[in-house]
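Reader: I am new to protein models and would love some help. Could you walk me through this one, feature by feature?

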Amino acid sequence: MKIEIGQSRPANFREMYPGELSFSSHFECGAVVPNVLSLITTLKENGKYNACFYAGTTFAGNEGKYYVILPGMGQSHTYANILRDREFCVNFISSKYYKACGKTIEHNDDGDDEISEGGFTAKPCKTIKAPRIEESIVSFECRLVSAHDIAGDGKSVLYIGEVQLAHVEENSHLLDRICGPDGFMVNINSAQNLLSEERMPYGAAYLTPFEV
Ligand SMILES: Cc1cc2nc3c(=O)[nH]c(=O)nc-3n(C[C@H](O)[C@H](O)[C@H](O)COP(=O)(O)O)c2cc1C
């Protein structure tokens with residue numbers, strides 16, 4: 001049985017925390033689509049390292065050009081840093097670092113070096129000032145090309161960065177390296193039971209390959 005969800009938030013939909021369904025859409029919990037998780041690293045205004053646990057990177061490319069697209073909200077440290085310095089680094093991290101990534105959220109003050117707080121190793125990028133994370137499977141050094149305010153209300157913005165340089169762990173061509181506990185991890189948003197007020201816990205997963 002298919003259940004239709006319209007543009008108005010259904011009465012049975014519950015927020016996981018106050019304001020959740022103002023900052024994000026009820027479609028995100030009512031129609032959950034997994035997203036690859038990453039840590040976006042930027043520099044804070046005071047030069048300290050910022051890291052943002054992030055679900056939702058997408059890509060566009062053509063000959064010689066590769067773009068990382070970050071759908072985001074209007075305000076957060078990361079987006080302010082990106083707009084100020086016009087650069088960011090996207091680091092794809094495996095599931096064994098899920099808890100470590102969470103530490104970057106717990107330690108989110110201006111004075112915090114969020115890469116050390118997560119227990120990660122910061123390495124200098126070659127084309128931007130922001131650091132990359134050595135433990136990553138893949139890191140993309142990006143320069144901001146443009147930021148698009150989707151509806152003109154400042155609430156949903158697309159930040160588009162052009163990849164300058166990729167750092168790729170050797171053996172990343174192997175399916176077992178892309179998938180499994182040492183491969184990419186995906187975010188499963190806390191799903192709404194469409195027939196009740198129940199919200200499921202947040203989840204995370206890694207990939208299992210199958211024969212194609
Ligand atoms: C699993 C997970 C996924 C997240 N995905 C996003 C995301 O896609 N976009 C976003 O703005 N925040 C996301 N967050 C929340 C940010 O990580 C969090 O607000 C962080 O503290 C923001 O850091 P900043 O203020 O330094 O930018 C996510 C958090 C978790 C735990």
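Author: Happily! Let's begin with one pair of residues: G61 has Y66, in β4, as its bridge partner. Keep in mind that this is a predicted model.

Reader: Which strands do the five bridges join, and how do those strands run?

Author: The strands are β3 and β4; they run antiparallel and are joined by five bridges. Together β3 and β4 make a hairpin, with two residues between them. In that turn, G64 has a positive phi of about 80°.

Reader: Is strand β3 in the open or covered?

Author: To judge that, count the buried residues; here a residue is buried if 20 or more other C-beta atoms lie within 10 Å of its own. Strand β3 covers residues 58-62, and of its five residues the number buried is zero, so β3 lies largely in the open. Take F59, which is in strand β3. F59 has 11 C-beta neighbours inside 10 Å and therefore counts as exposed.

Reader: What does F59 touch, leaving aside residues up to four places away in sequence?

Author: Apart from those, F59 touches Y66, Y67, V68 and I69. For a sense of distance, F59 and E169 are 19 Å apart in space, C-alpha to C-alpha, and 110 residues apart in sequence.

Reader: Now a residue in a loop, please. Is K44 buried or exposed?

Author: K44 sits in the loop between β1 and β2. Within 10 Å of K44 there are 20 other C-beta atoms, so K44 is buried.

Reader: Which residues does K44 touch, not counting those up to four places away in sequence?

Author: They are N50, H77, N81 and D110. D110 is a good example of how sequence and space can tell separate stories. K44 and D110 are 66 residues apart along the chain, yet 7.2 Å separates their C-alpha atoms.

Reader: How does M73 count on the scale of burial?

Author: M73 belongs to strand β4. M73 counts as partly exposed because it has 13 C-beta neighbours inside 10 Å. Leaving out residues up to four places away in sequence, M73 touches F23, K155 and S156. Now look at A60: M73 and A60 are 13 residues apart along the chain, while their C-alpha atoms are separated by 20 Å.

Reader: I can see a ligand too. Which residues are closest to the ligand?

Author: The closest are C52, F53, S76, H77 and T78, out of 14 residues that surround the ligand.

Reader: Which elements supply at least two residues of that shell?

Author: Three do: β2 (49-55), β4 (65-73) and α3 (77-85). β2 gives the largest share, five residues. As for chemistry, the shell has six nonpolar residues, eight polar ones and no charged ones.

Reader: What about the largest nonpolar core: which of its residues touch the most other members?

Author: L39, F88, C89 and V90 do, in a core of 31 residues. At least two residues each come from β1 (35-43), β2, β4, α3, β5 (87-92) and β8 (138-149). The largest share of this core, five residues, again belongs to β2. If you click on F88, look for I40, T42, I82, A130, C142 and G161, which F88 touches when residues up to four places away in sequence are not counted.

Reader: How should I read the two faces of a strand?

Author: The general idea is that side chains in a regular strand alternate between the two faces of the sheet. Strand β10, residues 185-188, is a case to try: M185 and N187 are on its covered face, and V186 and I188 are on the uncovered one.

Reader: Which strands does β10 pair with?

Author: One is β1, which runs antiparallel to β10 and is joined to it by two bridges. There, V36 has V186 as its bridge partner. Another is strand β11, residues 203-206, paired with β10 in the antiparallel sense over four bridges. M185 stands opposite Y206 in β11.

Reader: Finally, how many helices and strands are in the chain?

Author: The chain has six helices and eleven strands. Its radius of gyration is 18 Å, close to the 17 Å that the globule rule gives for 212 residues, so the chain is as compact as a globular protein of that length. Buried residues are 26% of the 212. Among contacts with a separation of 6 or more, 59% link residues 24 or more positions apart.

Conventions
Residues are numbered from 1 along each chain as its sequence is written. This is a predicted model: local features need pLDDT of at least 70, side-chain atom pairs count only at pLDDT 80 or more; totals for chains, interfaces and linings use all residues. A residue is near a molecule or strand if its C-beta atom, placed from the backbone, lies within 6 Å of it. Ala, Val, Leu, Ile, Met, Phe, Trp, Tyr, Cys and Pro count as nonpolar, Asp, Glu, Lys and Arg as charged, and the others, Gly among them, as polar. The radius of gyration is taken over C-alpha atoms; the globule rule is 2.2 Å times the number of residues to the power 0.38. A residue is buried if 20 or more other C-beta atoms lie within 10 Å of its own, exposed if 12 or fewer, and partly exposed in between; C-beta atoms are placed from the backbone. Two residues are in contact if their C-beta atoms, placed from the backbone, lie within 7 Å. A nonpolar core is a set of buried Ala, Val, Leu, Ile, Met, Phe, Trp, Tyr and Cys residues joined through C-beta atoms within 7 Å. Two strands pair if DSSP finds at least two bridges between them.
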